[in-house]
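The following exercises concern strand pairing, domain layout and ligand contacts. Please work through each task with the sequence and the model in view before reading its solution.

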Amino acid sequence: MSELAWWQRGVIYQIYPRSFQDSNGDGIGDLPGIRTRLEYLAALGVDAVWISPIYPSPMADFGYDVADYCNVDPMFGTLDEFKQLMGRAHQLGLNVLLDFVPNHSSDRHPWFEESRSSRDNPRRDWYLWRDPASDGGPPNNWLSRMGGSAWEWDERTGQYYYHAFLREQPDLNWRNPQVRRAMDDVLRFWLDLGVDGFRVDVLWLLIKDALFRDNPPNPAYRPGEPEHHRLLQRYTEDQPEVHDIVRSMRATLREYGERVLIGEIYLPVAQLVKYYGAGGDGADMPFNFQLLNARWNAREIASMIQAYDSALPEHAWPNWVLGNHDNPRVASRVGIAQARVAAVLLLTLRGTPTLYYGDEIGMTDGAIALDEIQDPAELRQPGIGQGRDPERTPMQWDGSLPHAGFTRGRPWLPVDTTTSVRDQDNDVSSVLSLYKSLLVLRRSHAALVQGTIENIVAHGDVLTYERRYRNQRLFIALNMGDEGVDVQTQSGAVLLSTMTSRRGQAVVQGAIHLAAEEAVIVARGNE
Ligand code: NOJ
């Protein structure tokens, strides 16, 4: 598999640093904590960790409001501790990806403090400042993704500034070449230290309409949806000029060899795949989030896989994401039995999988009492169901320890102790054992990594497809329904099943009876 880059062969594991492992008893995860868990990740069988933001930040949006792009927040540790973490990760064969947050800084970043200090400050144009409309109100109708107008009035200089998210997260002006140079320096700072790539926050939002035109109303808006859905984001996202920025980020990474550029992009597939650029000059992997909102049935998933595969430009490398810190967990979306089926799906589809911490033990969304809510998205738009705390609860290491071994202090969000890594580690029927087996299979079967994906078919509730590479042919069947069903297959060995009861029945002859909610991988041909 050597002609592929490491990030094409590998599996990425997302760590939300507040919630992975606390080492100092303050109830919040940190870098030394993560370092103590690297052996676990290496043994799990992933290839890279992406760590959500660790930079100095007032934490209005838990680190996605950056006050210094080239340092580490004391809450998470020090720059030296980051280097130690990365050194140990590299020894264990794990690559380290950081979260790059270029769209906006914190309002406490010195750049913004200068920018807001006067209209003629040299950094004024680093952010998006506009005069009020003729009635004194905001310059246009743009809405914040965290509720309300996206424009914040600044009394001192008599203008509004734009923030796609919280008012504490002013958007940078990416049309200004100085901003682009400063952000390029940020990439180089971390690349020089040896990081293996970046996940770029809200890549598709970086450029806004040069004329600041009003967004049109969204005819499909339904009451109860987040407020910004009232408008189509015609002038605030996916502007053509953004691709030039992606190209220049890619060019910088290329100077450093095999580093990966991943874009956080929530767009329909036809627009998403444009972020690959032409001839590999765009993002290596525009995140493919389709599984996060997919209706969980075989027909839907089959057509999603086919449509994605055929939309990919030549040479573009696919990828799939099953969970992240902004969306309900898979085990809560589809149920714990189907979360096992989803694990087989994620790790047998064509393309790089990204796992969200805790999904490998089937963590479910935490129950958050009203007085425990932390997420600003929920606090500022109560009741609209946007709260992201449930999927951010601490990692469950050891159910026999207080707070499941996450902290010896008071955890920042409640810890569920009903299951843990320790409970599942020696249990062959656990979700963790399933993930480990799948990750071992990926390493040992080139078809799963670089094979084609073919014959994607939904038969009732069962989704089947094949992965082929040279003589290796793997047949995958996923029962997304709750009844047993017979499925035609060629004869071969069952390499893996989500049902431990199948152990011992190693060979099938032309057909297999899938139990309710069972997924299998059958090797065929010369395998
Ligand atoms: C996307 C991040 O994933 C999310 O957590 C954050 O709130 C916004 N970008 C703003 O940075």
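**Exercise 1.** Determine which residue stands opposite Ile-51 in strand 3, and place the two strands in their sheet.

*Solution.* Step one: the residue opposite Ile-51 is Leu-98 of strand 3. Step two: strand 2 (residues 48-51) and strand 3 (residues 95-100) are paired in the parallel sense over four bridges. Strands here are DSSP runs (E, at least two residues; helices are H or I, at least four), numbered from the N terminus, and two strands pair if DSSP finds at least two bridges between them. Step three: the open sheet has eight strands with parallel pairing, in the order 9-8-7-3-2-1-11-10. Its edge strands, strand 9 (285-286) and strand 10 (319-321), each pair on one side only.

The model is predicted: local features need pLDDT of at least 70, side-chain atom pairs count only at pLDDT 80 or more, and totals for chains, interfaces and linings use all residues. Residues are numbered from 1 along each chain as its sequence is written, and side-chain values use heavy atoms, with hydrogens and water left out.

**Exercise 2.** Establish the strand order of the open sheet of three strands, and explain why one side of strand 4 and of strand 5 has no neighbour in the sheet.

*Solution.* Step one: the order is 4-6-5, with antiparallel pairing. Step two: strand 4 (129-130) and strand 5 (151-154) stand at the edges with a single partner strand each, so one side of each lacks a neighbour in the sheet. Step three: strand 4 is joined to strand 6 (residues 159-162) by two bridges, and Arg-130 faces Tyr-160 of strand 6.

**Exercise 3.** Describe the hairpin of strand 12 and strand 13.

*Solution.* Step one: six bridges connect strand 12 (residues 452-459) with strand 13 (residues 462-469), and the two run antiparallel. Step two: Glu-454 has Glu-466 in strand 13 as its bridge partner. Step three: two residues lie between the strands, and Gly-460 takes a positive phi near 60°.

**Exercise 4.** State the domain division of the protein.

*Solution.* Step one: the bounds, from an automatic or database domain assignment, give domain 1 (6-103 + 177-436), domain 2 (110-162) and domain 3 (452-524). Step two: the centres of domain 2 and domain 3, taken over C-alpha atoms, are 57 Å apart.

**Exercise 5.** Identify the side chains whose N or O atoms approach an oxygen atom of the ligand.

*Solution.* Step one: the distance is 2.6 Å for Asp-61, 2.8 Å for Asp-201 and 2.8 Å for His-325. Step two: the protein covers 97% of the 300 Å² of accessible area (Shrake-Rupley method, 1.4 Å probe) that the ligand has on its own.

Key:
Polar contact = N/O pair within 3.5 Å; in protein donor to acceptor, adjacent residues only side chain to side chain.
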